[in-house]
Amino acid sequence: MVSEQRPAGGIVIRDARIFDGMSGGVRAGHVLIEGTKIRQVGDPPVPAGATVIDAGGRTLVPGLGDAHA
């Protein structure tokens, strides 16, 4: 079994173009991931100890990986 280390404060992916499939378009924003769950999309606060990943304006489709399960 592979053990994955997850940051205690979660992961924030910032400066992304987000397509959520529900709002009818692409919007700029950030995504907060805690453990294996997407907790907030938009402009979440950065928790203490979080790993911050700069998407550099790239497009992000939160939850798409679950569509294959």
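**Salt bridges, core and surface patch**

Reader: Is Arg39 buried or exposed?
Author: In this predicted model, Arg39 has a relative accessibility of 52%. The cut-off for the upper class is over 50%, so at 52% Arg39 counts as exposed.

Reader: Which side chain meets that of Arg39 in a salt bridge?
Author: The N to O distance in this pair is 3.4 Å. A salt bridge requires the nitrogen and the carboxyl oxygen to be within 4 Å. The partner is partly exposed, with a relative accessible area of 35%. The side chain that meets Arg39 is that of Glu34.

Reader: How many residues apart in sequence are Asp54 and Arg14?
Author: A search of the whole structure finds two salt bridges, and one of them joins Asp54 to Arg14, with the closest N and O atoms 3.5 Å apart. Asp54 lies in strand 4 and Arg14 in strand 1, so the pair ties together parts whose separation in sequence is 40 residues.

Reader: Which strand gives the most to the largest nonpolar core?
Author: The largest nonpolar core has five residues: Ile13, Ala16, Ile18, Val31 and Ala55. Three of these residues come from one strand, residues 11-19. The strand that gives the most is strand 1.

Reader: Which residues make the nonpolar surface patch of about 220 Å²?
Author: Patch residues need over 30% relative accessible area. One of the members lies in the segment after strand 5 and is partly exposed, at 34%. The patch of about 220 Å² is made by Phe19, Val26 and Val61.

Definitions and conventions: Residues numbered from 1 in each chain as written. Predicted model: local features only at pLDDT ≥ 70, side-chain atom pairs only at ≥ 80, totals over all residues. Heavy atoms only, no water. Core = buried A, V, L, I, M, F, W, Y, C linked by side-chain atoms within 4.5 Å. Buried < 20%, exposed > 50% of the residue type's maximum accessible area, 1.4 Å probe, protein only. Helix = DSSP H or I, 4+ residues; strand = E, 2+ residues; numbered from the N terminus. Patch = residues over 30% accessible without salt bridge, like charges linked within 9 Å, V, L, I, M, F, W, Y side chains within 5 Å. Areas by Shrake-Rupley, 256 points an atom, 1.4 Å probe, with all protein chains shown as cover.
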